[in-house]
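Biologist: Could we go through this structure together? I have several short questions.
Modeller: Certainly; please begin once it is displayed.

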Amino acid sequence: MDQKLLGAIVQPLLGWFEKNKRDLPWRRDREPYHVWLSEIMLQQTRVEAVKAYYMRFLEAAPDVETLAALPEDRLLKLWEGLGYYNRARNLQRCAKEIVSRGGVFPRTKAELMQLPGIGDYTAGAIASICFEEPAAAVDGNVLRVCARLMDDDRPVDAPGYKKELDAALSAVYPKGHCGDFTQSLMELGATVCVPNGAPRCGACPLHDLCRARRNGTALKLPVKQPKRTRREEQRTVFLLRCGDLVAVEKRAPKGLLAGLWQLPNLDRLLDERGVGVWATEQGLGDTELRRARDGRHIFTHITWEMRCYTLSCEHAAPQFTWVTPEQLRGEVSLPTAFRQFLDLDAL
């Protein structure tokens, strides 16, 4: 890593950030709980999508003690739609650990990384933003900015690359401005040196320092290792209606979407005749097929190709949990994979 070049970006970035930073709700203070919550929510999720979740979550859990005490169903309902539900569970595990330590967050990156669910990036963000420790927080935005800055064509997801960049960046952090430097790197990657398109080099404060801009290689960077091919699975989903009630069930306690509520489903596609046979086997009595819809949900390594059948049922079979539309709106958390088939206004 070219540490001298990394050091040269500090002052231009800080000046640019002061004038151009977005007004985001989690930037209005340096409270560790707020920074931690926002960083966990922002993993794999766009800023605009997170804003409403963040504010709603804070209303329900304004501090770490309240979060630690939330019933799991309430926690998952607050998280509904953000995906990667283990983030929410790890968030609460971490909150309980912090409460057991007196409700005080550790102040160093090394200590923060000992907490459940807090990795290298999140620990660096909290330590630098909240406690002014010279600790880098290297996420996808920072990897992209630095790879282009240095015109580095090594795979950024190769073993050891992120750790090497973390150490090189941490060495140039400006005393007294560590939090702003962390956020300026994130901000540049999110708004100027953007992914999935041409970087806005004309608006970049590092325009004159960037080797990729000078060499015309920005669109080729960052380089990543070949992705694993996603496995495709087929699923038949059932939206079962018995009067005003809708059937849900809990998933297995381990595996994909572990322990979450779901609509009843099978790991294969059924035609209408097969649906009739299945409904009879479930003891649903007379059924009427109201609608069939196709859908898809993409996980990290799996794609679900889905067909959902809406059935009006005579009997509320006891192997399912039958809930009202009001409970689906306010209490029962369904992952997006299944919620895509709900039209709550029509229930």
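Biologist: Which backbone nitrogen lies 2.8 Å from a polar atom of the side chain of Asp271?
Modeller: That nitrogen belongs to Gly274. Please keep in mind that this is a predicted model.

Biologist: Where is Asp271 found?
Modeller: Asp271 sits in the loop between β4 (265–266) and α14 (272–281).

Biologist: Is Asp271 buried, exposed or partly exposed, and why?
Modeller: Asp271 counts as partly exposed because its relative accessibility is 48%.

Biologist: How many residues along the chain separate Asp271 and Thr236, and what is the separation of their C-alpha atoms?
Modeller: They are 35 residues apart along the chain, and their C-alpha atoms are separated by 9.1 Å.

Biologist: Let us change topic to Arg293. Which strand is Arg293 found in?
Modeller: Arg293 belongs to strand β5, which covers residues 287–298.

Biologist: What is the nearest side chain of opposite charge to Arg293, and how far away is it?
Modeller: It is Asp343, at 6.4 Å. Arg293 is buried and has no salt bridge; a salt bridge would require the charged atoms to be within 4 Å.

Biologist: Which backbone oxygen does the side chain of Arg293 reach?
Modeller: The side chain reaches the backbone oxygen of Phe341, at 2.2 Å. Leaving aside residues up to four places away in sequence, Arg293 also touches others, including Leu239, Met306 and Gln340.

Biologist: Now the interior. Which residues touch the most other members of the largest nonpolar core?
Modeller: They are Tyr33, Trp36, Met41, Phe57, Leu67, Trp79 and Leu263, in a core of 68 residues. Helix α9 (residues 120–131) supplies the largest share of this core, with eight residues. A second, separate core has 32 residues, among them Val142, Tyr161, Val172 and Leu185.

Biologist: What does Leu263 touch?
Modeller: Not counting residues up to four places away in sequence, its contacts include Val237, Leu239, Val248, Leu334 and Phe341.

Biologist: Last topic: how many disulfides does a search of the whole structure find?
Modeller: The search finds zero.

Biologist: Why is there no bond from Cys130 to the closest cysteine sulfur?
Modeller: The closest cysteine sulfur is in Cys178, and it is too far for a bond because the separation is 12 Å. Cys130 is buried, with a relative accessible area of 15%.

Biologist: And how far is the sulfur of Cys193 from the closest cysteine sulfur?
Modeller: The separation is 6.3 Å, to Cys204, which is also too far for a bond. Cys193 counts as buried because its relative accessibility is 10%.

Conventions
Residues numbered from 1 in each chain as written. Predicted model: local features only at pLDDT ≥ 70, side-chain atom pairs only at ≥ 80, totals over all residues. Heavy atoms only, no water. Helix = DSSP H or I, 4+ residues; strand = E, 2+ residues; numbered from the N terminus. Buried < 20%, exposed > 50% of the residue type's maximum accessible area, 1.4 Å probe, protein only. Lys, Arg positive; Asp, Glu negative; His and termini not counted. Polar contact = N/O pair within 3.5 Å; in protein donor to acceptor, adjacent residues only side chain to side chain. Contact = heavy atoms within 4.5 Å. Core = buried A, V, L, I, M, F, W, Y, C linked by side-chain atoms within 4.5 Å. Disulfide = S-S within 2.5 Å.
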